[in-house]
Amino acid sequence: MDILLIQILLGIGLFFLINWIGKHSYSIGYMEISIFIKTEEAPALNFLIRVLTPIVYIIIVSTILYYFGLDKYVLNIFLVNIYYIVFRLFFNLLTNRGLLLNWYRQFLYWGAIVVISYFTYEKIIKVKTNILPDFTTVANELWIIILIFVFQVANNIRLSQDGIIKRKQNYLKNRHNYFKKLYGKQIKEITQNEVLEAITYAIIIYEDFNRPKLARIIENLKFRITKKPHTLGVMQVTTTKLLTDKESVVLGTTKIVDAYKLYLQKPYEENEDYYEWTAMSHIIGDYNTGTSYVYEVTELAQIIKEEFYKETNDTLERMKYS
């Protein structure tokens with residue numbers, strides 16, 4: 001039982017390790033699950049990080065366990081990577097990321113991880129003397145050069161974006177319809193403007209993506225313990241009392257309308273033209289600061305407006321707000 005528990009914990013630890021590596025590897029092409037992905041670059045790097053990281057992980061862990069005489073925990077340690085896959089699968093499903101996943105590619109990754117993990121365990125890890133690589137032969141060095149060459153060639157491949165765009169559209173449609181069914185009446189009554197509705201749904205979808213239901217449950221538990229001001233609910237409203245998702249939507253939508261009213265009161269600059277992007281950015285920037293946040297949510301609001309409010313006559317021009 002202790003072996004099972006330790007290996008499950010190692011699998012969960014691997015999940016967080018790979019996420020951490022991903023977050024710190026954008027500059028070299030690592031891809032995260034995102035509603036804003038447009039170009040899939042460095043596919044070879046993605047494959048290496050997603051598939052080979054678990055292999056390297058169990059080799060290093062096994063070496064450490066062997067060193068400290070904990071050989072029994074190395075038994076069938078390839079199962080650690082299977083527990084990792086199961087945990088990642090449930091995490092993505094519970095956080096509503098399923099529609100964004102390329103399932104064919106995920107099964108390719110997972111299948112490769114399982115096969116290579118088992119082979120690595122049987123041929124290398126299982127025998128202590130085999131766990132460290134032998135670089136004394138010319139053949140090994142030659143194969144390293146060949147693998148580096150193949151990696152560089154594969155890493156320059158650019159794949160079609162049709163699948164990514166379709167998954168993003170399906171995800172946005174699913175989440176918009178879901179939240180509209182839950183909160184559409186309240187949002188419409190408060191905003192009285194379909195462009196503001198688009199902004200509201202953009203913020204809800206963005207915040208829900210980054211703070212899914214499971215994370216919000218943990219935040220609620222933390223708030224109950226600390227009693228300190230915290231951002232809660234699906235719209236991540238700062239509050240000093242516990243909020244339901246519906247209450248956060250009412251408060252968050254009201255905050256958006258208040259920001260719009262303040263925007264309407266701003267004086268025109270000489271020769272100023274109306275740009276919807278600028279107006280949206282002002283409102284969203286009032287809701288939450290940060291250049292990246294404002295840009296991405298504004299982009300998302302534009303997409304939602306064009307997709308779900310094509311026939312609207314509403315604008316954000318500086319005119320008297322009814």
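# Briefing on a predicted helical chain

The charged end of Lys255 lies over the ring of Tyr287, at 5.0 Å from the ring centre. This contact belongs to a predicted model whose protein chain comprises eleven helices and two strands. Along the sequence the elements run α-α-α-α-α-α-α-α-β-β-α-α-α. Of the chain's 322 residues, 42% count as buried. The points below treat confidence, aromatic pairs, two helices and residues with positive phi.

**Confidence and contacts**

- The mean pLDDT of the protein chain is 81, and 76% of its residues reach 70 or more.
- Residues 26-33 keep a pLDDT under 50 throughout, and the model gives this segment 27 contacts beyond four places in sequence.
- Where pLDDT is low, predicted coordinates should not be read in detail.
- Among contacts in the protein chain with a separation of 6 or more, 69% join residues 24 or more positions apart.

**Aromatic pairs**

- A pair of aromatic rings is described by the distance between the centres and the angle between the planes.
- The search of the whole structure finds 15 aromatic pairs.
- One of these is the tilted pair of Phe78 and Tyr121, with 5.5 Å from centre to centre and 50° between the planes.
- This pair links distant parts of the chain, 43 residues apart: Phe78 lies in the loop between α2 (43-67) and α3 (79-94), and Tyr121 lies in helix α4 (residues 103-125).
- Phe78 and Tyr121 are both buried.
- Tyr206 and Tyr293 form an edge-to-face pair, with centres 5.2 Å apart and planes at 85°.
- The pair of Tyr206 and Tyr293 also connects distant parts of the chain, with Tyr206 in helix α7 (residues 194-210) and Tyr293 in helix α11 (residues 291-308), 87 residues apart.
- Tyr206 has a relative accessible area of 12% and therefore counts as buried, the cut-off being under 20%.
- Tyr293, with a relative accessible area of 10%, is buried as well.
- Phe15, Phe16, Phe87 and Phe91 are joined into a cluster by ring pairs.

**Helix α3**

- Helix α3 has 16 residues and reaches 22 Å from its first C-alpha to its last, close to the 22 Å expected at 1.5 Å a residue.
- Its buried residues include Val80, Asn81, Tyr84, Ile85, Arg88 and Asn92.
- These residues are on the same side of α3, because they cover an arc of only 140° around the axis.
- An α-helix has 3.6 residues a turn, so residues three or four places apart point the same way.
- The face of α3 turned away from the buried side carries the exposed residues Phe90 and Leu94.
- Leu94, which is placed in helix α3, has a relative accessible area of 54% and so counts as exposed, the cut-off being over 50%.
- Leu94 and Lys213 are 119 residues apart along the chain, and their C-alpha atoms are separated by 7.8 Å.
- Asn96, just after α3, takes a positive phi of about 60°.

**Helix α9**

- Helix α9 (residues 245-265) contains 21 residues and reaches 31 Å between its first and last C-alpha, close to the 30 Å expected at 1.5 Å a residue.
- The buried residues of α9 are Asp245, Ser248, Val249, Gly252, Thr253, Ile256, Val257, Ala259, Tyr260, Tyr263 and Leu264.
- Seen down the axis, the buried residues of α9 fall within an arc of 165°, so they line one face of the helix.
- Leu262 and Gln265 are exposed on the other side of α9.

**Positive phi in loops**

- Gln192 has a positive phi of about 55° although this residue is not a glycine.
- Gln192 is placed in the loop between α6 (162-191) and α7.
- Lys227, likewise a residue other than glycine, has a positive phi near 60°.
- The loop that holds Lys227 lies between α8 (213-226) and β1 (230-232).
- Lys227 counts as exposed, because its relative accessibility is 60%.

Key. Residues are numbered from 1 along each chain as its sequence is written. This is a predicted model: local features need pLDDT of at least 70, side-chain atom pairs count only at pLDDT 80 or more; totals for chains, interfaces and linings use all residues. Side-chain values use heavy atoms; hydrogens and water are left out. Rings of Phe, Tyr and Trp (its six-membered ring) pair if their centres lie within 6.5 Å; planes under 30 degrees apart count as stacked, over 60 as edge-to-face and the rest as tilted. Helices (H or I, at least four residues) and strands (E, at least two) are DSSP runs, numbered from the N terminus. Buried means under 20% relative accessible area, exposed over 50%, partly exposed in between (1.4 Å probe, protein chains only). A charge sits over a ring if NZ of Lys or CZ of Arg is within 6 Å of the ring centre and within 35 degrees of the ring normal. pLDDT is the predictor's confidence in each residue, from 0 to 100. Contact means heavy atoms within 4.5 Å. The expected span of a helix is 1.5 Å times one less than its number of residues. The arc is that of the directions from the helix axis to the C-beta atoms.
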